[in-house]
Amino acid sequence: MERLKQDIKTGQFNRLYVLCGEEDYFRTYYKKSLKNAIMPEDDGINFTEFSGKGVRENEIMDIARTIPFLGERRLVIVNDSGLLNPASKKKKSSDDESEEESEKETVKKKDDYGLADFFAEIPETTVLIFNEEKVNRTSKIFKAAAKYGYVASFNPIPEKEDGIRRVQGYVAGKLKRENVNMTNGAFKLFIDRTGTDLRTVFTELEKLISYVYGKGVITEEDVAKLLPDRIENKIFVMTEAMTNRDQRSALKVYYDLLRIKDEKPVMILAAIYKQYHQLYVIKKLSVEGMSGADILKAADVRSDSDYIYKKLLRIAGQYTYAELEHAMKMCLDYDKQFRSGKIKDVIAVELVIVAMSSREKLNL
């Protein structure tokens with residue numbers, strides 16, 4: 001990111017940039033920052049933006065070759081085209097390979113020239129930006145982009161101590177610019193409910209800043225009032241209710257998720273499966289002498305807190321291995337039935353909740 005900041009500050013731009021990775025907040029931020037620095041005014045003539053997988057390489061190259069009209073530069077932005085993430089080619093037989101080599105020797109197709117070749121020849125008056133979530137780093141086209149351009153990778157911030165500190169720094173910077181403070185308790189609850197996804201973090205932070213306008217400080221009560229629990233927290237509450245055989249509460253959490261969070265039932269079903277798998281791993285590894293933090297890591301729990309470990313261990317202890325295995329199998333079975341059209345997705349989750357809230361009827 002430092003290279004991007006420097007280029008924007010100095011106005012000395014590369015001909016090619018690749019912004020890639022699953023963390024889309026900063027990808028979008030730097031795409032807009034580059035655009036504003038390269039095209040300070042809304043220049044509809046010298047600016048072209050492509051989006052989606054329908055864009056063709058020739059279209060991009062034709063526009064990028066065009067000399068800017070009454071301007072210093074031409075800017076071309078390509079969003080999520082998939083062009084830098086080509087699928088791996090299927091392995092060919094020796095006969096196919098020899099036949100293909102023979103054809104190549106006799107005639108060179110015009111289509112052989114593509115973006116991978118063009119990257120070395122981008123005009124000095126053009127800046128080409130690829131904004132792609134996924135790239136294939138072993139592909140010819142990506143290697144060419146890395147050779148002739150600048151690649152900036154934006155990866156999700158892990159929800160661990162270091163990652164949380166990074167997010168806290170971003171939040172502190174935003175609050176300072178807005179002349180707003182946040183209590184320690186408020187931040188702890190804030191990060192618990194937003195996680196480390198920056199788009200969620202800044203969206204919810206803007207909401208809180210607007211809410212406390214004139215007061216100047218964000219409290220824990222403000223966060224609790226405005227920010228809903230994340231799906232992981234809701235699923236945890238739902239599983240705890242099922243563990244306590246509280247069917248009514250478990251179903252209420254489910255319906256709240258559908259209504260408030262607009263979550264899809266299939267995603268909730270996957271989250272329930274993950275929760276029971278975590279409980280199974282925790283129950284199994286806890287008797288092998290492994291530390292709580294290592295068990296949480298092995299179970300893919302986004303925390304190394306001893307409090308969280310003890311709470312999950314207590315819940316896992318209320319199930320038998322057979323019950324946990326049955327819960328996971330049931331999730332997979334209903335997912336399969338939903339995808340084959342045999343049952344509605346909403347009902348599939350309801351059946352899992354009802355069954356696990358009434359475990360005495362499972363006959364395991």
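Arg27 sits in helix H2, which spans residues 24-38. In this predicted model, Arg27 is buried yet makes no salt bridge. The nearest side chain of opposite charge belongs to Asp80, and it lies 4.3 Å away. Because a salt bridge is counted only within 4 Å, the Arg27 and Asp80 pair, at 4.3 Å, misses out. What the Arg27 side chain does have is a polar contact of 2.7 Å with the side chain of Asn131.

The wider surroundings of Arg27 fill in the picture. Setting aside neighbours within four places in sequence, Arg27 is in contact with Leu19, Cys20 and Gly21, then with Asp80, then with Asn131, Glu132 and Glu133, and finally with Phe154. Some of these names lead straight to the sheet: Asn131 and Glu132 are residues of strand S4, and both are buried.

That sheet is open and built from 5 strands, in the order S2-S3-S4-S1-S5, with parallel pairing. Its edges are strand S2 (47-51) and strand S5 (150-153), each of which pairs on one side only. From one strand to the next, the twist averages 10 degrees.

Strand S4 has S3 on one side and S1 on the other in the strand order. On the S1 side, 5 bridges tie residues 16-20 to residues 126-132 of S4, the two strands running parallel. Leu16 stands opposite Leu128 here, and Tyr17 has Ile129 as its bridge partner. On the S3 side, 6 bridges link residues 74-79 to S4, again in parallel. Ile129 turns up here too, this time as the bridge partner of Ile77. Ile129 is thus paired with Tyr17 as well as with Ile77.

S4 is also mostly covered, with 7 of its 7 residues buried. Thr126, Leu128, Phe130 and Glu132 point one way from the strand, while Val127, Ile129 and Asn131 point the other way. Asn131, the polar partner of Arg27, therefore shares its side of S4 with Val127 and Ile129, whereas Glu132, another contact of Arg27, points the other way.

Stepping back to the chain as a whole, there are 17 helices and 7 strands. Of the 364 residues, 43% count as buried. Contacts between residues far apart in sequence feature heavily: among those with a separation of 6 or more, 74% link residues 24 or more positions apart.

Key. Residues numbered from 1 in each chain as written. Predicted model: local features only at pLDDT ≥ 70, side-chain atom pairs only at ≥ 80, totals over all residues. Heavy atoms only, no water. Pairing = 2+ DSSP bridges. Helix = DSSP H or I, 4+ residues; strand = E, 2+ residues; numbered from the N terminus. Axes fitted to C-alpha atoms, helices over the stretch in contact; angles between N-to-C directions. Buried < 20%, exposed > 50% of the residue type's maximum accessible area, 1.4 Å probe, protein only. Lys, Arg positive; Asp, Glu negative; His and termini not counted. Polar contact = N/O pair within 3.5 Å; in protein donor to acceptor, adjacent residues only side chain to side chain. Contact = heavy atoms within 4.5 Å.
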